[in-house]
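Colleague: Please take a close look at one part of this chain, the stretch around its unusual peptide bond, and then set that part against the rest of the model. A plain account in connected prose will do.

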Amino acid sequence: MRILVAEDSKSLRNSLRRALQHAGHAVDLAANGMEGLAAVALHAYDVIILDIMMPEIDGLAMLAELREQQNPVHVLLLTARDTLDDKIAGFRAGADDYLVKPFALDELLLRVTALGRRAHGIKQPLLSIGPLELDLGARIVTRSGTPLDLTAREWRLLECLARRVGKVVPRSEIEECIYDELVEPMSNVVDAAVYGLRRKIGRDLIQTRRGLGYVLSP
């Protein structure tokens, strides 16, 4: 998934980026609501982790702007505000989940995974696609019961295709899934990533639609 972390604490932003990237996600960062809105204008995100108390534009104002724009992205509010009134205000502003600081990192990762499944209409953490079985929470994939060893980028690509199984995923959307702000995509990176994944899961499962993109199909 591609995730935006909008948080004014630099140390927390970087910690969340490391943890989310380790979990196989592409991550962008914003230090305030203005930077967050600018990032949303450039990229389509699966999940936004949003602090409330940020300078320039706070989290609730950013969230209100997103909902006014009819942006359906799933938003997890991450904040030190812990009263019932604060939570009610967050949900009324359009939040999908609410987590109070300090928090357990494992819980945040589970909530992000759940929001990602919800964003793509997936209720179960396990996906079966032909001989493949994907555990989206544990980031484990097997083929006919045999575990496959994927790199973080290969997992991002497979997850991106699996969440839209049977549908064409454009090259531009694949780039959004597998690269974060630290990487500058090149012209052949998608082809190279698909080639590497095909070698591991089987060439028959990923089909090319010339001029359109790729399809994962059983």
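**The loop and its surroundings**

Modeller: Pro-102 is found in the loop between E5 and H5. Everything that follows concerns a predicted model. The bond that leads into this residue, from Lys-101 to Pro-102, is cis, with omega near -10°. Most peptide bonds are trans.

Lys-101 has a second role in the model. Together with Glu-7 and Asp-51, Lys-101 belongs to one network, joined by salt bridges that share partners.

On the far side of the loop comes helix H5, which covers residues 105-119 and includes Leu-105. The relative accessibility of Leu-105 is 37%, which lies between the limits of 20% and 50%, so this residue counts as partly exposed. Leaving out residues up to four places away in sequence, Leu-105 touches Leu-16 and Ala-19. Between the C-alpha atoms of Leu-105 and Glu-159 the separation is 22 Å, with these positions 54 residues apart along the chain.

On the other side of the loop is strand E5 (97-100), and the loop between helix H4 (84-92) and E5 holds Asp-96. What does the side chain of Asp-96 meet in a salt bridge? The partner is Arg-67, at 3.1 Å from N to O. Arg-67 is in helix H3 (residues 59-68), 29 residues from Asp-96, and the pair links distant parts of the chain. Asp-96 has a relative accessibility of 23%; this exceeds the 20% limit for a buried residue and is below 50%, so Asp-96 counts as partly exposed.

Helix H3 leads to two further backbone features. Glu-56 sits in the loop between strand E3 (47-50) and H3, and Gln-70 sits in the loop between H3 and strand E4 (74-79). Glu-56 has a positive phi of about 65° although it is not a glycine. Gln-70, also a residue other than glycine, has a phi near 65°. Most residues other than glycine have a negative phi. Glu-56 counts as exposed because its relative accessibility, 60%, is over 50%. For Gln-70 the value is 67%, so the exposed class applies there too.

Now the other charged pairs. A search of the whole structure finds 11 salt bridges. One of them joins the side chains of Arg-2 and Asp-28, at 2.9 Å from N to O. Arg-2 belongs to strand E1 (residues 2-6) and Asp-28 to strand E2 (residues 26-30), so this pair ties together parts that are 26 residues apart in sequence. Both residues of the pair, Arg-2 and Asp-28, are buried. Glu-159, the residue whose C-alpha atom was compared with that of Leu-105, meets Arg-163 in a salt bridge of 2.7 Å, N to O. Arg-163 and Glu-159 are buried as well.

Arg-198 provides a contrast: this residue is buried yet has no salt bridge. For Arg-198 the nearest side chain of opposite charge is Asp-191, at 7.4 Å, and a salt bridge needs a distance within 4 Å, so the pair does not count. Arg-198 is placed in helix H8 (residues 189-201). Apart from neighbours within four places in sequence, Arg-198 is in contact with Arg-203, Ile-206, Gln-207, Thr-208 and Tyr-214.

Last, the chain as a whole. The protein chain has eight helices and 12 strands. Its radius of gyration is 18 Å, close to the 17 Å that the globule rule gives for 218 residues, so the chain is as compact as a globular protein of that length. The C-alpha trace spans about 50 × 35 × 30 Å along its principal axes. Buried residues make up 46% of the 218. Of the contacts with a separation of 6 or more, 56% are between residues 24 or more positions apart. The chain exposes about 10600 Å², of which carbon and sulfur atoms supply 52%. There are 28 positive and 30 negative charges, and their mean positions are 7 Å apart.

Notes
Residues are numbered from 1 along each chain as its sequence is written. This is a predicted model: local features need pLDDT of at least 70, side-chain atom pairs count only at pLDDT 80 or more; totals for chains, interfaces and linings use all residues. Side-chain values use heavy atoms; hydrogens and water are left out. Helices (H or I, at least four residues) and strands (E, at least two) are DSSP runs, numbered from the N terminus. The radius of gyration is taken over C-alpha atoms; the globule rule is 2.2 Å times the number of residues to the power 0.38. Buried means under 20% relative accessible area, exposed over 50%, partly exposed in between (1.4 Å probe, protein chains only). Contact means heavy atoms within 4.5 Å. Accessible areas come from the Shrake-Rupley method with a 1.4 Å probe; for residues, only the protein chains shown count as cover. Lys and Arg count as positive and Asp and Glu as negative; His and the chain ends are not counted. The place of a charge is taken as NZ of Lys, CZ of Arg, CG of Asp or CD of Glu.
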